[in-house]
Every structure is written in C-alpha cells, then in structure tokens.
Amino acid sequence: MKQPELKANERELIKLIRYFSKRANAMIATGELDPEHEKLTAACQNLEQQLYMHAQNRSIILDKRARLDKIVEDNAQCPQCKHADMLKRTGTTSNEHGWRCNTYKCRRCNITFTWNRPNNPWHLVEFLELYIKELETALPNEQNEQMRQHIITSVAQMQDSLSRLRPVLADSDEEVTALETKESEMTRLIHQFKNYLLIEKIKLDMREEPEA
C-alpha cells in the first residue's frame with residue numbers, strides 16, 4: 001500500500017522516533033541502558049503506527065471530499081452564441097448569493113462570463129432550494145396546464161435529488177469536522193512527545209559522555 005502523505009511535524013517526529021529507538025535499543029543491547037527503556041521504544045513504535053494510521057485516514061477523508069466537490073456538472077453555454085464547444089474555463093468566483101461559480105471565456109464570441117450556477121454540491125443544494133421555492137410561488141398563477149405539470153414534475157425531481165444529496169453532504173461534513181478535531185489532538189500529542197524525546201535524547205547523550 002502506498003504510504004500516506006505526512007505533514008512536516010509528523011515527518012520530523014517519526015525521524016526523531018527512529019533515531020531514538022535505534023540508539024536506545026543499541027544501548028540496551030550493550031547493557032548501557034536498563035531494559036525498562038524497552039517500554040519507551042515500544043511506545044515510540046506505537047506512536048509511529050498511530051501517525052501513519054491518522055495520515056491514512058486523513059488522506060481517505062480529504063480524497064472523498066475532493067471527489068464530492070467535483071460531482072456537479074456545469075453544462076455551461078455561452079450567453080451570446082448559446083454553444084459550449086468553444087468554452088474555456090478561466091477560474092472561479094462568487095456570485096451575489098455567495099455561491100462558488102465557474103468563469104469561462106467563449107473563444108467564438110471572444111467574451112468572458114460567469115456561469116450563474118454553483119460548481120459544487122453544497123452551494124447546489126442552496127440553489128435548488130431557492131429555485132424550488134420560486135417555482136412553487138409561481139405555480140398557483142400558472143394558467144397553462146401543461147406548464148403546471150412540467151413545474152410539478154421538475155419540483156418533484158429536484159426534491160428527490162436533494163433528499164439523496166443532503167445526507168451525503170452531511171456525512172462528509174461530519175467526517176471533516178471529526179478530522180479537524182483529531183488533527184488538533186494529534187498536533188498537541190506530536191508537540192508534547194517530541195519535547196519528551198528530545199529530553200530523553202539529552203539523557204542518552206549525558207550517559208555517553210566520556211569521563212573526565
């Protein structure tokens with residue numbers, strides 16, 4: 001399995017753990033250290049495994065989040081020529097609702113524009129909720145029966161999409177919130193254990209100092 005990507009503080013601690021464990025084990029083997037230090041080297045190895053497991057879990061959650069962020073298909077078209085074949089995406093911006101939207105340049109018409117639809121599922125939920133409300137407000141005043149049925153069908157389809165999308169987004173939000181809490185805990189643990197190992201390393205250095 002591919003090793004998960006580690007943060008700088010995680011890499012630094014693992015490097016220190018391996019250095020300390022190797023040195024302590026060598027000193028235990030030669031009788032310079034009491035075997036009781038094996039408990040500390042075992043704790044070091046357990047923490048290293050814990051760091052890799054946390055990094056693996058973080059990678060899985062963030063990868064899922066990134067894939068989820070890209071599930072919305074834009075289906076943009078130029079407002080002038082009404083075609084999509086000559087569009088080039090140029091970036092993103094936020095519209096008046098605060099929704100993140102894609103910006104495009106039409107190479108046929110040589111114009112740039114913002115496609116006023118959200119480019120991510122979180123803002124898409126807000127967009128659909130607002131659109132449904134507008135359709136339901138307009139429905140009582142619609143005289144054309146065919147159009148009324150079209151609005152009713154469209155609202156039902158959008159509500160079905162929302163009912164499937166909301167729990168997926170809620171689960172992802174919960175995962176990310178839990179990850180952020182865990183990240184904070186791990187950051188404190190890494191800081192504390194690093195300082196502890198540095199003190200233990202100084203103790204080893206003092207044991208190895210030549211006699212005057």
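**Entry 1: the sheet**

I looked up the strands and found an open sheet of three, in the order β1-β2-β3, with antiparallel pairing. I noted that β1 and β3 stand at the edges with a single partner strand each, so one side of each is left without a neighbour in the sheet. Neighbouring strands of this sheet are turned against each other by 30° on average, direction ignored. I keep in mind while reading all of this that the model is a predicted one. As background I wrote down that strands of a sheet pair through backbone hydrogen bonds, either parallel or antiparallel.

**Entry 2: from β1 to β2**

I then asked how many bridges join β1 to β2. There are seven, and the two strands, of which β1 covers residues 87-94, run antiparallel. I picked out two of the pairings: Leu87 stands opposite Cys106 in β2, and Arg89 has Tyr104 in β2 as its bridge partner. The two strands form a hairpin with five residues between them, and Gly98, which lies in the turn, has a positive phi of about 85°.

**Entry 3: from β2 to β3**

Going on along the chain, I found that five bridges join β2 to β3 (residues 111-118), and that these strands also run antiparallel. Tyr104, which I had already met as the bridge partner of Arg89, has Phe113 as its bridge partner in β3. β2 and β3 form a hairpin with four residues between them, and Asn110 in its turn has a positive phi of about 55°.

I also wanted to know how many residues of β2 are buried. For strand β2 (residues 100-106) the count is five of the seven, so the strand is largely enclosed by the rest of the structure.

**Entry 4: helix α3**

Next I checked the length of helix α3, residues 121-138. At 1.5 Å a residue its 18 residues should span 26 Å, and I found the end C-alpha atoms 25 Å apart, which agrees. At the start of this helix, a side-chain oxygen of Asn120 reaches to within 3.3 Å of the backbone nitrogen of Trp122.

I listed which residues of α3 are buried, and they are Pro121, Trp122, His123, Val125, Phe127, Leu128, Ile132 and Leu135. What covers these buried residues includes helix α2, strands β2 and β3, and helix α4 (145-207). I set beside this list the general point that an α-helix has 3.6 residues a turn, so residues three or four places apart point the same way.

**Entry 5: one residue of α2**

I turned to Thr41, which lies in helix α2 (residues 37-69). Is this residue buried or exposed? At 4% relative accessibility Thr41 counts as buried, because the cut-off for that word is under 20%. Leaving aside residues up to four places away in sequence, Thr41 touches Ser21, Ala24 and Asn25.

**Entry 6: salt bridges**

I counted the salt bridges in the model and arrived at 15, and I then looked at some of them one by one.

The side chains of Lys64 and Glu175 meet in a salt bridge, at 2.9 Å from N to O. Lys64 lies in helix α2 and Glu175 in helix α4, so the pair ties together parts that are 111 residues apart in sequence. Both ends came out as partly exposed, Lys64 at 36% relative accessibility and Glu175 at 28%.

Another salt bridge joins the side chains of Asp69 and Arg100, at 3.0 Å from N to O. This pair links distant parts of the chain, with Asp69 in helix α2 and Arg100 in strand β2, 31 residues apart. Asp69 counts as partly exposed at 26% relative accessibility, and Arg100 is partly exposed with a relative accessible area of 29%.

In the salt bridge that Arg164 forms with Asp160, the closest N and O atoms are 3.0 Å apart. I asked how far these residues are separated along helix α4. They are four residues apart, which means a separation of about one helical turn. Arg164 counts as exposed at 52% relative accessibility, whereas Asp160 is partly exposed, with a relative accessible area of 39%.

Lastly I noted a network: salt bridges that share partners join Lys7, Glu10, Arg58 and Glu183 into one.

Methods:
Residues numbered from 1 in each chain as written. Predicted model: local features only at pLDDT ≥ 70, side-chain atom pairs only at ≥ 80, totals over all residues. Heavy atoms only, no water. Buried < 20%, exposed > 50% of the residue type's maximum accessible area, 1.4 Å probe, protein only. Contact = heavy atoms within 4.5 Å. Pairing = 2+ DSSP bridges. Expected span 1.5 Å × (residues − 1). Polar contact = N/O pair within 3.5 Å; in protein donor to acceptor, adjacent residues only side chain to side chain. Salt bridge = Lys/Arg side-chain N within 4 Å of Asp/Glu carboxyl O. Axes fitted to C-alpha atoms, helices over the stretch in contact; angles between N-to-C directions.
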